[in-house]
Amino acid sequence: MSLRKVNISILIVAVVIFLLVLHHNFLGLSDFLKQELSDSNPVGLQPIDFIPAVPQRLEDERNDKEISVVIAASDERLGGAIAAMNSIYSHTKSNVVFYIVTLNDTVDHLRLWLSNTALKNLRYRILDFDPRVLEGKVQVDPQKADTLKPLTFARFYLPYLVPHAEKVIYVDDDIIVQDDILELYNTPLKPGHAAAFSDDCDSTTNKVAVRGAGNQYNYIGFLDYKKETIRKLAMKASTCSFNPGVFVANLTEWKLQNITKQLEKWMALNVAEELYSRTLAGSITTPPLLIVFYKQHSSIDPMWNVRHLGSSAGKRYSPQFVKAAKLLHWNGHFKPWGRTASYAEVWEKWYVPDPTGKFSLIRRHSEAYEAKAALAFWSTSVLFLVWLFKVINYSVESWLL
């Protein structure tokens, strides 16, 4: 009789274990699907059903003042550039001309996206960026060659991209403009200054601490002050850095000072001497700009670059402040078109769905992940059922004996 009780107890324990495993697998499947739906592709674009209407005050004929806006548009982030341009165009009466810098394999997709949507009235010129100009100037890890983003260096070559302009605005693709871009264009630059940036010590930007030496808001966070070449520059390590994701450039002054050549010089020196700080992995665009423009740049209104919206999934600014911002910048890992980002709904208002349907592949990828996850779940469950059957069978046989 005692043996029978033991067998029944074993059976009950086995059933309980099965139910627990089943519950755990369901939870794991749910978490897995949530992760894959959000992170399976860095684009992760979510289409909306409307295009924001142009404000009433801007419905009049746009004026003749030409504003050159340079923006990079990589294929995997193309939706970001589209939303940024839509927000700029919809908030101004000025004659904005977009200079869209991209790679050759993205040109056709970009042209179709622009010509088959409400953005067909934009004035733009597509510029093909040749990555070969970076040879010898960027250190590439052979095992991580695909991590190099050539278009991040397009801002270094502004006079070559827009040779006729005296002044241009450069913006990253992870921004949304909420006011007339003409105000940013009219930012006054001091004599001898080739560009105006937003300093990282301004009152609207929270300082982002970085593990290791320095912070992301001063020079020591970007440059290796142990290197003699950096020390010889006599740049104070505590100097506020600036964000190069949004800036206004005086191209006449840029050419006079050979800014592009200066930037290329420091890029090549970094390849030879590794001058950039290791505390900010992947930050290879900002350091040469910090060196070349050390105490030689003007400032833009900090409300024209309210940034760090992509540094975490949480909301670091109040809704009132975000609404008042003239330009929102999702710099950081959490892009509004990919992983969960703060105030992504603000970005989504300006996103224009891709008419080519290319991003429908994302949904098919998600379905594939779902199928794989389901298969893994049921395979585990079947194996457990087989094991449970053997346990029950053994228990019954023991009880009969």
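## Buried polar side chains and two nonpolar cores

The backbone oxygen of L309 lies 3.0 Å from a polar atom of the side chain of S342. Such a polar contact is a pair of N or O atoms within 3.5 Å; within protein, one must be able to donate a hydrogen and the other to accept it, and residues adjacent in sequence count only if both atoms are side-chain atoms. S342 sits in the loop between β9 (327-329) and α11 (344-348).

This is a predicted model, where local features need pLDDT of at least 70, side-chain atom pairs count only at pLDDT 80 or more, and totals for chains, interfaces and linings use all residues. Residues are numbered from 1 along each chain as its sequence is written, and side-chain values use heavy atoms, with hydrogens and water left out.

**Confidence**

pLDDT is the predictor's confidence in each residue, from 0 to 100. The protein chain averages 79, and 67% of the residues score at least 70. Residues 203-214 stay under 50. The model still gives that stretch 29 contacts beyond four places in sequence. Contact means heavy atoms within 4.5 Å. Residues 360-374 are also below 50, with 16 contacts beyond near neighbours in sequence.

**The whole chain**

The protein chain has 12 helices and 9 strands. These are DSSP runs, numbered from the N terminus: helices are H or I with at least four residues, strands are E with at least two. Of the 401 residues, 47% are buried. Buried means under 20% relative accessible area, exposed over 50%, and partly exposed in between (1.4 Å probe, protein chains only). Take the contacts between residues at least 6 apart in sequence: 78% of them join residues at least 24 apart.

**The cores**

In soluble globular proteins, nonpolar side chains tend to be buried together. A nonpolar core is a set of buried Ala, Val, Leu, Ile, Met, Phe, Trp, Tyr and Cys residues joined through side-chain atoms within 4.5 Å. The largest one here has 52 residues. I88, F98, I169 and I181 touch the most other members. Helix α2 (residues 78-89) gives the most to this core, with 8 residues. Another core lies apart from it, with 46 residues, including V97, V101, L134 and Y294.

Back in the largest core, F98 has contacts beyond four places in sequence, among them M85, I88 and Y89. Those three residues are listed among the buried residues of α2. In fact, 12 of the 12 residues of α2 are buried, so the helix is largely enclosed by the rest of the structure. From first C-alpha to last, α2 reaches 17 Å, close to the 16 Å expected at 1.5 Å a residue. That expected span is 1.5 Å times one less than the number of residues.

**Three buried residues**

| Residue | Relative accessible area |
|---|---|
| T102 | 0% |
| T106 | 2% |
| S342 | 1% |

T102 belongs to strand β2. Its side chain reaches the backbone oxygen of A73 at 2.6 Å. Beyond four places in sequence, T102 also touches residues including V107, L110 and D128.

T106 is in the loop between β2 (95-102) and α3 (107-115). Leaving aside neighbours within four places in sequence, T106 is in contact with A73, S74, D75 and L78. How far apart in sequence are T106 and D75? They are separated by 31 residues, yet their C-alpha atoms are 5.6 Å apart in space.
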